[in-house]
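Subject: Structure for your use, with notes

Hello,

Here is the structure, for you to open alongside this message. My notes on it follow below.

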Amino acid sequence: MPGTGKIRFGAFELDTRAGEIRKGGRRVRLQDKPLRLLIALIEHRGDVVTREELRERLWPGNVVVEFDNGLNNAVNKLRAALGDSPEEPRYIETVGRRGYRFIGELGTDQAAGVAAPTPVRPSAPRARWLWASAALLPAVAAGVLLLSQRSGARPEVGSLAVLPLENLSSDRDQEYFSDGMTDTLISQLANIRSLRIISRQSVMRYKRSSASMPEIAYELGVDAVIEGTVQRTGDRVRVAVQLIHTPSDRHLWNAQYERPLGDVFAMQSEIARSVANEVEAVVTPQETARLAATPSVDPEAYDLFLRGRFF
């Protein structure tokens with residue numbers, strides 16, 4: 001009789017069919033990449049899964065990512081969700097520079113009418129472990145397939161491109177201002193090391209481009225893009241931005257901000273913090289302090305600065 005696709009370890013229950021993990025019956029928030037990492041490690045429980053094997057599993061084909069940063073980020077998020085520690089691991093063990101190993105004890109919930117699961121212990125005979133592994137593999141494989149197809153899962157975002165913000169001001173000569181706002185937002189997000197942010201030089205060629213979002217993202221090798229508009233009226237600035245996961249063309253977040261020109265840095269910092277929160281980026285205390293350091297700006301001086309850089 002087929003299993004339910006539920007695997008238990010410690011206080012956690014992994015439902016590979018639903019693509020979610022629970023603790024004490026409550027769902028643990030975990031993004032797609034860390035969840036798939038967990039499934040990959042459980043599939044090979046007790047064995048080292050190399051970094052290259054995980055690269056093929058989590059970033060298949062020719063997808064361009066900053067792999068080391070992306071994998072480390074996924075491992076950190078998984079450990080945080082499980083309350084695990086790299087120094088004294090209960091579930092995820094780092095093996096030198098080779099890869100990772102799942103060391104927790106496993107159990108499975110079988111179909112209705114079958115007794116409660118029997119944990120797989122390290123001391124069990126090898127034949128017993130092989131039998132238990134064979135029983136788990138169909139459920140795990142099915143879970144991986146369904147997980148990759150789930151549209152409701154929060155997609156993993158490790159790289160971003162800020163496309164040139166569109167000038168909506170009535171004065172078309174305000175182009176220098178919208179370009180300057182784009183530069184500032186790129187600089188703010190670049191302070192977060194866990195995110196790979198595409199440079200200004202690379203994104204400005206897509207200004208007024210007719211290419212689709214997936215095409216732009218593919219050419220830049222990013223998981224998501226930020227696009228938006230800038231409208232300046234007198235000394236007031238209004239910015240509307242949206243975050244798009246490009247492989248699925250899915251809108252993850254959007255917001256509007258309006259501030260006096262003198263508070264433009266504070267507004268850009270708020271946008272950067274919101275984006276980091278939405279993609280669940282790892283932000284260090286030092287990076288948080290830099291983002292929070294938003295001095296007031298003399299509006300006339302800032303305007304002259306942007307004009308000078310533009311021309």
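Glu-20 is buried, with 14% relative accessible area. Keep in mind throughout that this is a predicted model. Glu-20 belongs to strand E3, which spans residues 20-23.

Two arginines form salt bridges with the side chain of Glu-20. With Arg-22, the N to O distance is 3.0 Å. With Arg-27, the N to O distance is 3.6 Å. The Arg-22 pair is also listed as a polar contact between side chains, at 3.0 Å. The pair with Arg-27 is a salt bridge because the cut-off there is 4 Å between a side-chain nitrogen of Lys or Arg and a carboxyl oxygen of Asp or Glu. Neither arginine counts as buried: Arg-22 is partly exposed at 29% relative accessibility, and Arg-27 is partly exposed with a relative accessible area of 49%. Once neighbours within four places in sequence are set aside, Glu-20 has contacts with Glu-13, Leu-14, Asp-15, Arg-27 and Leu-35.

Other salt bridges

The structure has 14 salt bridges. As general background, side chains of opposite charge can pair when their charged atoms come close. One of the bridges joins Arg-36 to Asp-32, with 3.2 Å between the closest N and O atoms. Both residues sit in helix H1 and are four residues apart, about one turn of the helix. Arg-36 and Asp-32 are both buried. Elsewhere, Glu-175, Asp-179, Lys-207 and Arg-208 are linked into one network by salt bridges that share partners.

The three-stranded sheet and H1

Strands E5, E7 and E6, in that order, make up an open sheet with antiparallel pairing. Its edges are E5 (49-50) and E6 (92-95), each of which pairs on one side only. Between E5 and E7 (residues 99-102) there are two bridges, in the antiparallel sense. In that pairing, Val-49 is opposite Tyr-100 of E7. Helix H1, residues 32-43, lies across E5, E6 and E7 and runs at about 70 degrees to E7. This is the helix that holds the Arg-36 and Asp-32 pair.

Helix H7

Which residues of H7 are buried? In this helix, residues 213-220, they are Met-213, Ile-216, Ala-217 and Leu-220. These residues are on the same side of H7, because they cover an arc of only 95 degrees around the axis. The buried residues of H7 pack against strands E9 (159-162), E11 (196-197), E12 (224-233) and E13 (236-245), and against helix H6 (200-203). Just after H7 comes Gly-221, with a positive phi of about 70 degrees.

Positive phi at non-glycine residues

Most residues other than glycine have a negative phi. Two residues may be worth a look on that account.

- Arg-208 is not a glycine, yet has a positive phi of about 60 degrees. It lies in the loop between H6 and H7. Arg-208 is exposed, with a relative accessible area of 64%, and is one of the residues in the salt-bridge network described above.
- Glu-280 is not a glycine either, and has a positive phi of about 55 degrees. It is in the loop between helix H8 (264-278) and helix H9 (285-292). Its relative accessibility is 21%, so Glu-280 counts as partly exposed; the limit for buried is under 20%.

Asp-303

Is Asp-303 buried or exposed? Its relative accessible area is 10%, so Asp-303 is buried. The residue is in helix H10, which runs over residues 299-310. With neighbours within four places in sequence left aside, Asp-303 is in contact with Tyr-176 and Arg-232. Tyr-176 is 127 residues away from Asp-303 along the chain, while their C-alpha atoms are separated by 9.2 Å.

Summary of the buried charged residues

Among the charged residues covered here, Glu-20 is buried at 14%, Asp-303 is buried at 10%, and Arg-36 and Asp-32 are both buried. Glu-20 has salt bridges to Arg-22 and Arg-27, and Arg-36 has one to Asp-32. For Asp-303, the contacts outside its sequence neighbourhood are Tyr-176 and Arg-232.

Regards

Definitions and conventions:
Residues are numbered from 1 along each chain as its sequence is written. This is a predicted model: local features need pLDDT of at least 70, side-chain atom pairs count only at pLDDT 80 or more; totals for chains, interfaces and linings use all residues. Side-chain values use heavy atoms; hydrogens and water are left out. Two strands pair if DSSP finds at least two bridges between them. Contact means heavy atoms within 4.5 Å. Axes are lines fitted to C-alpha atoms, for helices over the stretch in contact, and angles run from 0 to 180 degrees between N-to-C directions. Buried means under 20% relative accessible area, exposed over 50%, partly exposed in between (1.4 Å probe, protein chains only). A polar contact is a pair of N or O atoms within 3.5 Å; within protein, one must be able to donate a hydrogen and the other to accept it, and residues adjacent in sequence count only if both atoms are side-chain atoms. The arc is that of the directions from the helix axis to the C-beta atoms.
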